[in-house]
Amino acid sequence: MDRTDGTRSLTGLLALWGLTRLLLLVFVFKVYVFPGPDVTSDVSVIYQGWYEVLRTGTFPLDDVTWQYPPAAALAILSPALLFFLDYAQAFFVLVFLADLAVLALLLNAGLRPGRTVRGAWVWAVGVPLLGPTVYARYDVMVTAVAVAALLAGTRRPRLMGALAGLGAMLKVWPALLLIGAVRRRAWAAAVVTAGALAALFALAMPGAFAFLSFQRDRGTEVESLGALVFHVARHFGWDGQVLLNYGSVEFLGPYVDVVSGAALALSGIAFGWLLLWRLRASRFLAHTLADAAFVAVLLFTTTSRVISPQYLVWLVGLAAVCLCFRRTGMRVPAALVLAASLVTMLEFPLWFSHVVAGDALGVTLLFVRNGLLVLATLVAARELWRTSVPRRQEPFADRDADAERRTDGREGEPLKGARHGLTSPGAG
């Protein structure tokens, strides 16, 4: 691509990002009201309620909807930085800035020699596909931390680990970023950061870990993979209910505990597969760290008892990081995640009443969205295994390592450990 074409492409990317984000702000500021339930009420009612409690120096001990690690308090309290705006307005502006930060990180990475700006395009396109919900939750902030961690990954493992530890204390799932890390410095930094934050919050604010019991008692949310069992069963006489429970709309009734247990078992199997992959993998290329994180989060999102719409922003962010690398094999899974994001906006908030009712439209949307996520998970897992686990026991040819190093510069550094067989998380 010559310089003129590159400039045009970058201009088009920035124009797309700017126009779509302006539209999201129009929706959350209610200049124009997006159809369906009011997605901003979580900010103006729930988040602001937590904010008032957190300002007193304690966590919301009596609120079962508080299901987040202690550092989530930082995100909930952050609108105080923009004291000249009301709480909800300040929150939307901060999420917008986090969105901009992710774009800047992806562009900075994608414009390096041997990289590509496809990742920035994935982010620019994927976020608005989720509709205004994405700006009415704090998940963009967490995703910004995760994206920064992965992009720091192979060149600055301590920074990567520290950011992953911070992310885990914000919303747990960024701990999965470490699954592909081959340097013990990343793991040590993550443990130290998470441990320090946990100790600080435990000493400074009562109830820092009350969220654990609240999270444990959740049921099967109506948008999850397991919920499809009950959506179908309702048409054959299942007499359970759909109620607001633990902050989400869940199924309650006969066999719900069985399906919830099955979801946990599937998550356990997913963890076992990841552990097996980690033990068998011996080819760690520049993109393997990001690919492994994407697969891990796909596995745990798809098998979860809850698949809230904002979970898709995690996957969009990780897919975007993967596609910063020219040699990644995650293009098809990334496209499937983008398609799932569009269907997610259709099922929530646009036609969420149909999902709750379990009618033909609602069930069809869930089958399509969850089917796309399952397919993305299977394709991504297969690709990760294919590119990192050898079919034979002999070592990979050095020319593969050299080609990767030429393609991605210093990002090929993890191969040093891989060539010498240092494939465990504790490898130096």
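Here are three short exercises on this predicted model, each with a worked solution.

**Exercise 1. Get an overview of the chain.**
How many helices and strands does the chain have, and what share of its residues count as buried?

*Solution.* Start with the secondary structure: there are 18 helices and three strands. Next, look at burial: 54% of the 428 residues count as buried. Then turn to the surface, where the chain exposes about 18,200 Å², with carbon and sulfur atoms supplying 66% of that area. Finally, consider contacts with a separation of 6 or more: residues 24 or more positions apart account for 77% of them.

**Exercise 2. Explore the largest nonpolar core.**
Which residues have the most contacts inside the largest nonpolar core, and which helix gives the largest share of this core?

*Solution.* The core has 135 residues, and L106, W123, Y138 and L177 have the most contacts inside it. Its largest share, 13 residues, comes from helix α4 (residues 87–110). Now zoom in on Y138. Setting aside neighbours within four places in sequence, Y138 is in contact with Y47, Y68, A72, A75, I76, F91, L170 and K171.

**Exercise 3. Trace the strand pairing around β3.**
Which strands pair with β3, and in what sense?

*Solution.* Begin with β2 (residues 241–245): five bridges join it to β3, and the two run antiparallel. One bridge partnership links L244 with V249 of β3. Two residues lie between these strands in their hairpin, where Y246 takes a positive phi near 55°. Moving on, β1 (residues 220–221) also pairs with β3 in the antiparallel sense, over two bridges; here E221 has E250 as its bridge partner. To finish, check the cover on β3 (residues 248–252): four of its five residues are buried.

Technical notes:
Residues numbered from 1 in each chain as written. Predicted model: local features only at pLDDT ≥ 70, side-chain atom pairs only at ≥ 80, totals over all residues. Heavy atoms only, no water. Core = buried A, V, L, I, M, F, W, Y, C linked by side-chain atoms within 4.5 Å. Buried < 20%, exposed > 50% of the residue type's maximum accessible area, 1.4 Å probe, protein only. Contact = heavy atoms within 4.5 Å. Areas by Shrake-Rupley, 256 points an atom, 1.4 Å probe, with all protein chains shown as cover. Pairing = 2+ DSSP bridges.
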